[in-house]
Structure formats: structure tokens, C-alpha cells
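Here's a quick walk through one protein chain, going from its surface to its strands and salt bridges. Have a look at the model first.

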Amino acid sequence: MIPGNRMLMVILLCQVLLGESNHASLIPEEGKKKVSGLQGRHPGQGHELLRDFEATLLHMFGLQRRPRPSRSAVVPQYLLDLYRLQSGEAEEAGLHDADFEYPERSASRANTVRGFHHEEHMEQLPSDGASIRGGGGTPLRFLFNLSSIPEEELLSAAELRLYRRQIDDAGSGMEGLHRINVYEVLKPPRAGQLITRLLDTRLVRHNATRWESFDVSPAVLRWTRDNLPNHGLAVEVLHLNQTPRHQGRHVRVSRSLRHSPEEDWDQLRPLLVTFGHDGKGHPLTRRAKRSPKQRGRGKRNRNCRRHALYVDFNDVNWNDWIVAPPGYQAYYCHGECPFPLADHLNSTNHAIVQTLVNSVNTNIPKACCVPTELSAISMLYLDEHDKVVLKNYQEMVVEGCGCR
């Protein structure tokens, strides 16, 4: 993992280079004087350095190259809502616990969440006549391409999310019930027969509009961890009353089903969500909105303290693939570490001794003003494969400074 200090240094240097291209809004006022010494550099050299720094930042984000999202890329509302809870923006977005079922158990072991839509051109429709041995309905088979998941990312859980819409004329009792079964397809379909293993099942009533989540972790772990063949998932909807008027009217599993309006398919299509960890940093946690900290006043302003440094992804033209946030307050540490070191400078015993020695021997440098506490941010973005990723990045925000 890249240490927090090194990461912040990369960002600061990137800001300085961007300052040569009229992006001065990213450079703190007291840092602008330092930029003047770089103006004599050959323009081509500056652009080359900028590319190097961009490559370094992308590597820090776990990307091989800069994503170039296609026009067909879709950000599922579920991942956007999950991001808002991670970043503490849920209240601003009007999102409440009653509106969103937070995946506490899955998120507590993951620092990365990925969303996958199925390969629609390979979807097996009811007209294909496929059936599940021992089943009572006509299933739909879905194939999900998970090849974009890095090898070092260990998955801990996966869920398949299906949308169902309320049927107003559904009766009570057994008349208003249906069962949804989700299977792992174990072998390629032959002669219209699917060889499957049941993963999850749920008995639901017709009188609700909501998303249903099914645990498909065993299948996804076999595909990714054990490298077993991925033949997809099958979804079977059984209407217990066997009334034709209810068939295919409410569980949104196919574009071909009779639903209106058709335009909502991009957001209501089945979604496979994986939860994984790349071995870096801490898992995802629900955070409250950060409150601004009070700045020091008077003479303390010259001493070591935290200064504002807003990183705007729009200024580096990354807003086309970073969905949220549009930027973030990274902060940086700057100021003097005078003798004697006061308590509010958050110094170590070694820094106190070093400052004491410096006061009588200037060959020994003073203690430095550095970050002493760093926190994470959550980022929602489209990767190189048009897949939506929510990731927790450690040591991105300076929370405290001190003399060390």
C-alpha cells in the first residue's frame, strides 16, 4: 500500500504541474510562489511529467489505464445509494434507512463493491423452451462476465438483485403469492435441459414493489476463487395460484417481458453485486457527514496546522469516469515547529528532543510538520470495462497534523 504521505505528495505535485496549464484553482495561495520556478521547463517535458503523475494516480486507484466510458454505461441506483451511505451524503440525498436495506454483513468484510449486468445478447428466453429438472416453471438463464475482477481481490459475498412490481388486482392468501428460485447453472444447456443447483429461494406476495436480494455467493466464489466454469445463473418464478393473468407481469427479469415504460429497463434489470477486499486498508463503513473543523487563530496560524487543498476531478478531466464525488477536500500540513513545541502541535517525544537539540545546534534540522491522522474516502467510478465500482481508499484525507 502506498503510504499516506507519499500519496498526498503525488497529488500535490500533480497540482503544481496542472498549475502550468492554467489550473491554478487547485494550488493553495501560499503554494503559488513555488510554481514560478517551474515556468522555464519545456512544455513537452511538463506534459510528459503530467502523464507520469496521472499514471501513478491511476495505479494508486488500482487501474491499468484511464477509463473511457461508453455512452451505454449505466450506473445502478443501488450502488449510487450505497455510495451515499458510505460517504455520509445519505441525508443530503434524502435517503433513509427505511428506503434502503444496507448490506451490513457483506460490506463489513469488503472494501470494494462491483456491479454487473448480464450479457443480454446471451440471455436464454422462455421461447427457447428450457426447463429445470424437477422445476415447475420456465427459467431465464443469465451470464455475467466477471473477468474484470482483479486476481488479488478476494470476494467474500455476492448477491443477485431482482426488481418486482406490485400487482394491484392480486388477491389475498395463496392467490397473491409467488416463489422466486435462483439456481447456479452447472453445465451448458443441452436439449432444453438446465442442470442446476438451488442457491436461494423466496416466497413473496404480489402486493409490494421492491427489490429482492438473493445470496449467490457459493456460485460466484466457485467461479472466481476455485476457477470453476461459469455457466451463469437461472431465475425461475412460480405463481402459486397458476393464474395466467399474473404470469410475467411483475418480476423484472427480461427486456422482452411486458412492462411499461420500457425506458426503465436500464435501471430495473437484474444486477449482480460482488463484495471483495484487495488486502489494502479497512472495509467499508457507514459514515456520518463530516463537520468542518475549527481553524487556529492568531500566532498559531504560522505554526504547524492543516490547510485546505481541494482536489477537483473536473480540473483533471476525470469527471467522465468518476461518478462521485466530483472532488474532495484532501488538506495538507504546513507550518513551523518552533522551540519549545507546544502541546497543541501534537508532537512526539523524539520531535521534542530533536527541536531541543536544533535550538543549540542548527546542523540538526527542526521537526517537520506532517500528517498524523488520515482518513478514507469512498469513490464510485466506471472502470476500464464499463463496470461500476465502489471502493474505499485509505489515507486520502488529512485529519490531523503534528511535528514529527
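A patch, as used here, is built from residues with over 30% relative accessible area and no salt bridge, joining like charges within 9 Å and nonpolar side chains (Val, Leu, Ile, Met, Phe, Trp, Tyr) within 5 Å. Areas are Shrake-Rupley values with a 1.4 Å probe, and for residues only the protein chains shown count as cover. By that recipe, V353, V357, V360 and I364 make a nonpolar surface patch of about 330 Å².

Some ground rules: this is a predicted model, where local features need pLDDT of at least 70 and side-chain atom pairs count only at pLDDT 80 or more, while totals for chains, interfaces and linings use all residues. Numbering starts from 1 along each chain as its sequence is written, and side-chain values use heavy atoms, leaving out hydrogens and water.

**Overview**

The protein has 8 helices and 18 strands, taken from DSSP runs (H or I of at least four residues for helices, E of at least two for strands) numbered from the N terminus. Of its 404 residues, 46% count as buried; buried means under 20% relative accessible area, exposed over 50%, and partly exposed in between, with a 1.4 Å probe and protein chains only. About 21,300 Å² is exposed, with carbon and sulfur atoms supplying 49% of it. Among contacts (heavy atoms within 4.5 Å) with a separation of 6 or more, 74% come from residues 24 or more positions apart.

**Helix α8 and its surroundings**

Helix α8 spans residues 349-358, and A351, Q354, T355 and N358 are buried there. They sit on the same side of α8, because they cover an arc of only 100 degrees around the axis, judged by the directions from the helix axis to the C-beta atoms. What do the buried residues of α8 pack against? The answer is β18 (388-403). I364, one of the patch members, is in the loop between α8 and β17 (369-382) and counts as partly exposed at 31% relative accessibility.

**Strand β1**

β1 (residues 112-116) is mostly covered, with 5 of its 5 residues buried. In a regular strand, side chains alternate between the two faces of the sheet. Here T112, R114 and F116 point one way and V113 and G115 the other, and all are buried. Pairing takes at least two DSSP bridges between two strands. β1 pairs with β18 in the antiparallel sense over 4 bridges, and V113 has L390 of β18 as its bridge partner. β1 also pairs with β11 (residues 271-277), again antiparallel, over 5 bridges, where F116 stands opposite L272.

**Salt bridges**

A search of the whole structure finds 16 salt bridges, each a side-chain nitrogen of Lys or Arg within 4 Å of a carboxyl oxygen of Asp or Glu. Three of them are listed here.

| Pair | N to O distance |
|---|---|
| D383 and R114 | 3.9 Å |
| R161 and E159 | 3.6 Å |
| R202 and E212 | 3.3 Å |

D383 and R114 meet in a salt bridge. D383 lies in the loop between β17 and β18 and R114 in β1, so the pair ties together parts that are 269 residues apart in sequence. D383 is buried at 3% relative accessible area, and R114 is buried at 7%. R161 and E159 are buried too.

R202 forms its salt bridge with E212. R202 is in β7 (residues 196-205) and E212 in β8 (residues 210-215), 10 residues apart. R202 counts as partly exposed at 25% relative accessibility, whereas E212 counts as buried at 4%. Salt bridges that share partners join E101, R164, D200, R202, R210 and E212 into one network.
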